[in-house]
Amino acid sequence: MTPSSPASWGALLWGRNGLRSLALAGGVAVHAVNMFIATTILPSVVQDIGGLPWYAWNTTLFVAASIMGSSCAPLGIRWYGLRRTFLLALLAFMGGTVICGLAPSMPWLLAGRVGQGLGGGMLLSLSYATVPLVFDQSLWSRAMALISGMWGVATLSGPAVGGLFAESGHWRWAFWAVLPVCVLLGALLVTQLGPMGRDRRARLEAPLLRMGLLVVSVLVVSAASLYASWLVQFAGVAGGLLLVLWLARMDSRAPRRFLPEGAWSPRHPLGRRYAMIGLLSIGVTTEVFVPYFLQVLHGQSPLHAGYLSALMSAGWSLGTFASSGRGPACVGRLLVLGPILSAASLAGLYVFMPDPQAPTALLAALLLGVGTGVGLCWPHLLTGVFRAAPPDQQNIASAAITTLQLYAIALGASVAGMVANAGGFTDPGGWQGARQAAWAVYGVFVFAPALAIRLGWQARREAA
């Protein structure tokens with residue numbers, strides 16, 4: 001039987017393996033679809049219950065909580081086993097979803113988003129970690145591909161669910177619609193997973209304190225975004241940076257490292273790969289404000305705005321697919337071309353997003369270009385991390401990629417909220433405030449992938 005034969009996929013998708021595959025894919029799908037739903041309905045939410053200054057906090061708190069949730073997942077497996085840990089994660093997510101659906105004001109909604117993030121982060125981490133525990137090794141790669149493919153499903157379904165309910169004036173039902181899926185997922189988890197992985201005697205040194213510092217550094221920046229004073233905002237950014245430097249110092253001295261050796265140094269190839277991953281991920285976080293800008297400045301419906309904003313994620317997947325399997329010479333060019341395309345697209349959005357007369361097709365092409373630029377070099381950055389890491393720390397290096405990506409998204413959302421509020425998002429607010437905020441956000445965030453261009457040139461020389 002060859003690895004690519006239909007029977008190989010049949011072994012994964014048929015019988016009990018098929019039910020287990022559905023359960024694990026469902027864990028990622030619930031997390032991913034919820035992200036697109038929340039982004040799509042958020043303009044309707046703030047119009048109904050207020051809280052415009054806290055707009056970016058919906059993404060920041062969700063992703064920051066996801067970091068902590070994903071960090072706690074291995075500990076949960078050791079203490080409670082797979083099934084109980086999965087159910088605990090699912091209950092946390094459902095509890096947060098109920099709070100979001102009932103939220104009378106923005107602080108309540110943010111509390112619900114924290115619950116969704118904790119549970120969703122655990123579901124995300126558990127889904128990947130469970131593959132080697134429940135499937136034969138011959139099925140691992142296909143199981144990983146199936147689970148990762150749920151992000152593409154979310155790109156199509158999330159904006160549809162959020163957009164349809166927002167257009168009908170019932171944005172709360174977008175949250176309620178997720179709950180029946182969670183109930184079905186819970187039934188699969190109860191019947192298909194057992195207490196495997198449980199071993200309370202095993203010692204598990206999870207770097208929870210250092211993960212906590214990552215989360216706090218994001219929250220410090222987010223808190224500063226609520227103040228009009230440039231001094232307070234600068235202090236927030238400086239405070240967040242100091243916390244990261246403290247984390248780097250702690251990690252370099254820890255017996256069990258959070259990031260491998262060389263990851264904190266811009267002079268090391270591994271450090272440059274991580275820096276590129278972070279900078280490119282930050283550039284994509286402008287997606288947070290896209291539905292609002294499109295609805296307020298361009299008169300798009302919630303459904304259309306949701307799908308247009310999802311083009312960034314779609315472009316990411318498209319670029320990854322187009323660039324995979326390329327030779328070393330082509331890889332070097334892609335590592336430069338990707339950041340250039342992403343930066344040029346953000347520069348185009350700086351010019352055309354604030355213009356109400358800008359053609360929708362042009363905006364769609366630019367949004368797609370931001371994500372495609374990231375995708376063109378993404379698979380090669382991931383393999384570059386693995387190759388640049390010390391041989392005995394390659395597992396740490398690869399595991400840290402997801403955490404770094406989530407951190408970059410959370411930090412990017414925090415900075416985007418600060419820049420938007422400073423640019424006039426809430427004062428004067430309305431159409432004029434949205435226009436000024438669009439200039440500010442894209443004018444600042446174009447520098448993230450632009451800084452990655454030089455790192456791409458260095459990576460190209462190393463790949464040659």
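A residue counts as buried here when its relative accessible area is under 20%. Ser309 sits at 2% relative accessibility, so Ser309 is buried by that rule. The model is a predicted one, and every value below was computed from it.

Ser309 belongs to helix H13, which covers residues 302-309. A polar atom of its side chain lies 2.8 Å from the backbone oxygen of Gly306. Setting aside residues up to four places away in sequence, Ser309 touches Glu287, Val290 and Pro291.

Val374 is another buried residue, with a relative accessibility of 0%. Val374 is found in helix H16, residues 360-388. Again leaving out residues up to four places away in sequence, Val374 touches Leu280, Val284, Trp316 and Ser342. Of these, Trp316 is 58 residues from Val374 along the chain, yet the two C-alpha atoms are separated by just 5.9 Å.

On a broader view, the largest nonpolar core takes in 135 residues. Those with the most contacts inside this core are Tyr55, Leu109, Tyr274, Phe289, Phe293, Leu349 and Phe425. Leu109 can serve as a worked case: not counting its neighbours within four places in sequence, Leu109 is in contact with Leu42, Val45, Ile49, Asn58, Cys100, Ala103 and Phe175.

Next comes helix H10, made up of 24 residues (230-253). At 1.5 Å a residue, a helix of that length should span 34 Å, and the end C-alpha atoms of H10 are 35 Å apart, so the two figures agree. The N-terminal end of H10 is capped by Ser229, with a side-chain oxygen 3.2 Å from the backbone nitrogen of Leu231. Along H10, the buried residues are Gln233, Gly236, Gly240, Leu243, Val244, Leu247, Ala248 and Asp251.

Asp251 also has a charged partner. Its side chain meets that of Arg210 in a salt bridge, with an N to O distance of 2.7 Å. This pair links distant parts of the chain: Asp251 is in helix H10, Arg210 is in helix H9 (residues 208-224), and their positions lie 41 residues apart in the numbering. Both Asp251 and Arg210 are buried. The count of salt bridges in the model comes to one.

As for disulfides, the structure holds zero. A disulfide would need two cysteine sulfur atoms within 2.5 Å. For Cys72, the closest cysteine sulfur is that of Cys182, and at 19 Å it is too far away for a bond. Cys330 tells a similar story, because the closest cysteine sulfur, in Cys377, is 12 Å away and likewise too far for a bond.

Neither of these two cysteines is classed as buried. Cys72 has a relative accessible area of 28%, so Cys72 is partly exposed, and Cys330, at 23%, is partly exposed too. Cys72 is located in helix H3, which runs over residues 57-102. The C-alpha atom of Cys72 is 7.8 Å from that of Leu208, a residue 136 places away along the chain.

How values were computed
Residues numbered from 1 in each chain as written. Predicted model: local features only at pLDDT ≥ 70, side-chain atom pairs only at ≥ 80, totals over all residues. Heavy atoms only, no water. Helix = DSSP H or I, 4+ residues; strand = E, 2+ residues; numbered from the N terminus. Expected span 1.5 Å × (residues − 1). Buried < 20%, exposed > 50% of the residue type's maximum accessible area, 1.4 Å probe, protein only. Polar contact = N/O pair within 3.5 Å; in protein donor to acceptor, adjacent residues only side chain to side chain. Salt bridge = Lys/Arg side-chain N within 4 Å of Asp/Glu carboxyl O. Core = buried A, V, L, I, M, F, W, Y, C linked by side-chain atoms within 4.5 Å. Contact = heavy atoms within 4.5 Å.
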